[in-house]
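Colleague: I haven't looked at this one before. Can you walk me through it?
Modeller: Sure, let me bring it up.

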Amino acid sequence: MMTRREFFKLGGLSLLIVATSKGFDVVKANDLKRHSPRLWINLSEDNYLTVLVNKSEMGQGVYTGIAQLVAEELDFPWDRVKVMPAPAGKAYIDPYMGSQLTGGSTSIRHMFDIMRSAGAVMREMLIEAASRLWKVPKSRLKAELGYVIDTKTGKKVPYGKLAGLAMKLPVPLYPKLKDPEEFRYIGRSLPRIDLDDKVSGEARFGLDHFFENQLYAVVERPPFGGRIVSYDPSETRKVKGVTHVFRVGKGVAVCGESPEAVLEGRKKLKVKYSKTSVGSTEDLKEHYIQLLQKRGLIARKDGDPKGVYEKFPKRIELTYLLPYLYHACMEPMACTVKIDRDGCTIYAPTQSQTSVLRHARRITGLPESRIKVITTYLGGGFGRKSNSEFVAEALKIAKKTGRPVKLFYTREDDVQSGWFRPMCAVKLRGSVDNRGNPNSLYFKIAVPAVFEWAIGKERRGVDSAAVSGVANTFYEIPNIHVEFVKSKVKIPVWFWRSVGHTHNAYVMETFLDQLAHLGGKDPVDLRLELLGMHMRAQGVIEKVAEASGWHRGPREGQALGIAYHHSFGTHVAQVAEVSLIDGRVKVHRVVCAVDLGPLVVNPDLVVQQMESGIIMGLSAFLYEGVRFRNGFAVNNNFDTYPILRMGEVPEIEVHIVRSEGEMGGIGEPGLPPIAPAVANALFRITGKPITELPYYGL
Amino acid sequence: MELKVNGRLYRVDVDPRTPLLWVLREHLKLTGTKFGCLKAICGSCTVLVDGEPVRSCSVQVGNVVGKSITTIEGIPENHPIKRAWKEVGVPQCGYCQSGQIVRAYALLSRNPRPTREEIVRAMNGNLCRCGTYPRIVRAVMRASEMMG
Ligand code: FES
Ligand code: FES
């Protein structure tokens, strides 16, 4: 985080963004009564642009996208743009969220106008400065790629030279944003701004900072729903380099002078666990299936789904069972913290600076002004790193030992820390009329309430994640019933890339193919019919059908499967080309069409996120699911919780479809359709619906 | 003991059974090398020992004394593998990338013209949760061309 001194040393022209009740304002650094290091963008006298990004870079490309927005409006050379993670603090909240959080595929949508406005303000101030300097009217001047140019004389001056003068001028109230035709960067696949860091090995993650006198720490954890009754540290303490063993949170921390010492020490720890209500995988399956018998909360009811279902002979009922999913960020939870007389410093790969600050205030008792949070690069996030429990643990350890701490989770610790995508059981019933049109849909899901876990207390009502994508489905089926039964299993659940859409898209899209089959309809045609009012949805379906050669049919020995889903404001359809050889699934090719609205900031990053979602979704479909015994996750490393490797990756072809309408998000929507697309292809091969995941068995 | 890393000699005072990973990262502060499993499954910690790719989480430092160790930091920035990686735009979160690049570098040093199948076979032990696999294949092919 920039200190006050560093901030003033920067010089040049510095702008801030201030959240207001109406949205946001752009102001100059010295317009604030109390000077404070709340800088968002700075133009230095030697003509470099530094953008402080209030969103976390976890692979989705947000540093690039946000910098692109500012550089666009400022009209600035891309190779002179730098980014820095914004500090944590009220000054950097996302005004549309009311917190500093990266999630819900919202970053570009929320920051689009804000960051463009900041760039535009800066540009107008520089033009004004040049106009005063040269005593020529502004209309004669233009700002282009880092220079203000006098269009009459051709005279030009680098922005940086005007920065000092501009800093004395008022901030224009209504900066004019560029028209899309004027864009030079928005819509272009500029190379990622973090490429050099990530190719050189210089990129710093949660464990890559060093403090003098630092300790290492690992934490032994109890079973889910249980606790550590007692522990015997005597053997652990004998290990050379181990310095402390004590309880922290629900676990026991082992601290020492090196990572090898704490790992060795932890192996020797003798721990007694309490009994837990969380049993084995089989118990959990039974629990969820049983829960479907209970009456739940109605999330949506249209017409008379029961009556219609009973009246029409062409009907089907299926029960789905989907597992707990683990995020498996390649970087397990890790952070580096220090508490001393001056305050507290935290290096953390966090998606939620707000929650890190909250923990830090509570644990250290320090005011926010003395807590520095440096957001490192995140080695994957996928929602998991919006939970800051690991930072809280590190701070407690630092407080207790009086030394800076590097806390790291091993892979096994990371799994046993939980916060999974919830398991769920879903009952589906549906019928089709005489012409094969679906006329009733009944959906009842038994699942934990993710939002309850996220806020840490019980809530009444339907959990929106539990029914997302179903209660608000675009499919026009006249009689619909959507019901939610809450599971209270004590396995912590959390947001997992695309949240409730992961299970609901699977269930809905595979069930829809069952209805298509029942009514003798082509799956693409049926979707297009049911989406009569939704042009954007139809657009992506038509695009994948055409690009995949849907109507020509599959290649010899293969089958095609389609799925469509709308999530986080974005429409995605995918067609998978699949074959099944000796029980092994081979996905040859995936064609994907995505519609995220009229403007795409960086098309290649969109393609990258589609590839990423498809690969992660396919991985989950084929392999993933956490198994339990006595409350412990038993498949807790990549040998027993495999994720997709290179050899099984299909060829992926992404088409970006432009349309009018609101801008959508990109980090998550690519994931939900892939599993049902592949399952629908497999159904065409085997004639059997796949209602339990993962495909290769839990 | 003395270790030769990226052409430089380092003195370290550790138990010879210590995993090379921790020595590189935490003792020598060469943090480009990452870990994902600590059990030789994921490839994030890949480094070269006398030109051969090894999983540094599962190699005892005592066994590499006197050998030449190369980490991500030791591969020159202008090497075709790194240039190709940027040209293709491989990294997402970046965490697995050091291991991927080091593994690919080892492949190309032995086989400068690998086929797609050979690339997949060599790289299949390196996990990437972000799904950069298709681009890794492209980047290795591109690097191979550049070296041509
Ligand atoms: S950390 Fe060494 S292979 Fe995974
Ligand atoms: S780039 Fe994120 S794990 Fe590979």
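Colleague: How many helices and strands does chain A have?
Modeller: Chain A has 18 helices and 28 strands. Keep in mind that this is a predicted model.

Colleague: What is the radius of gyration of chain A, and what does the globule rule give?
Modeller: The radius of gyration is 27 Å, and the globule rule gives 26 Å for 698 residues. Those are close, so chain A is as compact as a globular protein of that length.

Colleague: And what does the C-alpha trace of chain A span along its principal axes?
Modeller: About 85 × 70 × 45 Å.

Colleague: Which domains does the assignment give for chain A?
Modeller: Domain 1 covers 4-193. Domain 2 is made of 215-275 and 333-408. Domain 3 is made of 281-326 and 420-686.

Colleague: Let's take domains 2 and 3 of chain A. How far apart are their C-alpha centres?
Modeller: The centres of domain 2 and domain 3 of chain A lie 37 Å apart. The contact involves 11 residues of domain 2 and 14 residues of domain 3.

Colleague: What area is buried there, between domain 2 and domain 3 of chain A?
Modeller: About 910 Å², with carbon and sulfur atoms giving 72% of it. On the domain 2 side, Pro223(A), Phe224(A) and Phe382(A) lose the most area to domain 3. Together they make up 62% of what that side buries.

Colleague: How many salt bridges does the rule find across that interface of domains 2 and 3 of chain A?
Modeller: Zero salt bridges. There are four residue pairs in polar contact across the interface of these two domains of chain A, though. The domain 2 side that touches domain 3 divides into five nonpolar, four polar and two charged residues.

Colleague: Switching to chain B. How is chain B divided?
Modeller: Into domain 1, 2-74, and domain 2, 80-146. Their C-alpha centres lie 20 Å apart. Domain 1 of chain B brings 16 residues to the contact, and domain 2 of chain B brings 13.

Colleague: Which three residues of domain 1 of chain B supply the most buried area against domain 2?
Modeller: The area buried between these two domains of chain B is about 1200 Å², 59% of it from carbon and sulfur atoms. Thr46(B), Leu48(B) and Ile72(B) supply 37% of what domain 1 buries, more than any other three residues.

Colleague: What about salt bridges between the domains of chain B, how many are there?
Modeller: The rule finds one salt bridge across that interface. As for residue pairs in polar contact, the count between the two domains of chain B is seven. Strand 3 (46-49) and strand 4 (52-55) of chain B each supply at least two residues of the domain 1 side.

Colleague: Now the two chains together. How many residues does each chain give to the contact?
Modeller: Chain B gives 51 residues and chain A gives 59. The area buried between them is about 4300 Å², with 60% from carbon and sulfur atoms.

Colleague: How many salt bridges are counted between chain B and chain A?
Modeller: Eight. Asp604(A) forms a salt bridge with Arg135(B), with the closest N and O atoms 3.1 Å apart. The count of residue pairs in polar contact between the chains is 30.

Colleague: Which helix of chain B gives the most to the side that touches chain A?
Modeller: Helix 5 of chain B, with six residues. By class, that side of chain B has 24 nonpolar, 15 polar and 12 charged residues.

Note on methods. Residues numbered from 1 in each chain as written. Chains lettered and ligands numbered in written order. Predicted model: local features only at pLDDT ≥ 70, side-chain atom pairs only at ≥ 80, totals over all residues. Heavy atoms only, no water. Domains from an automatic or database assignment. Contact = heavy atoms within 4.5 Å. Buried area = accessible area lost by both parts, 1.4 Å probe. Salt bridge = Lys/Arg side-chain N within 4 Å of Asp/Glu carboxyl O. Polar contact = N/O pair within 3.5 Å; in protein donor to acceptor, adjacent residues only side chain to side chain. Nonpolar A, V, L, I, M, F, W, Y, C, P; charged D, E, K, R; others polar. Helix = DSSP H or I, 4+ residues; strand = E, 2+ residues; numbered from the N terminus. Rg over C-alpha atoms; globule rule 2.2 N^0.38 Å.
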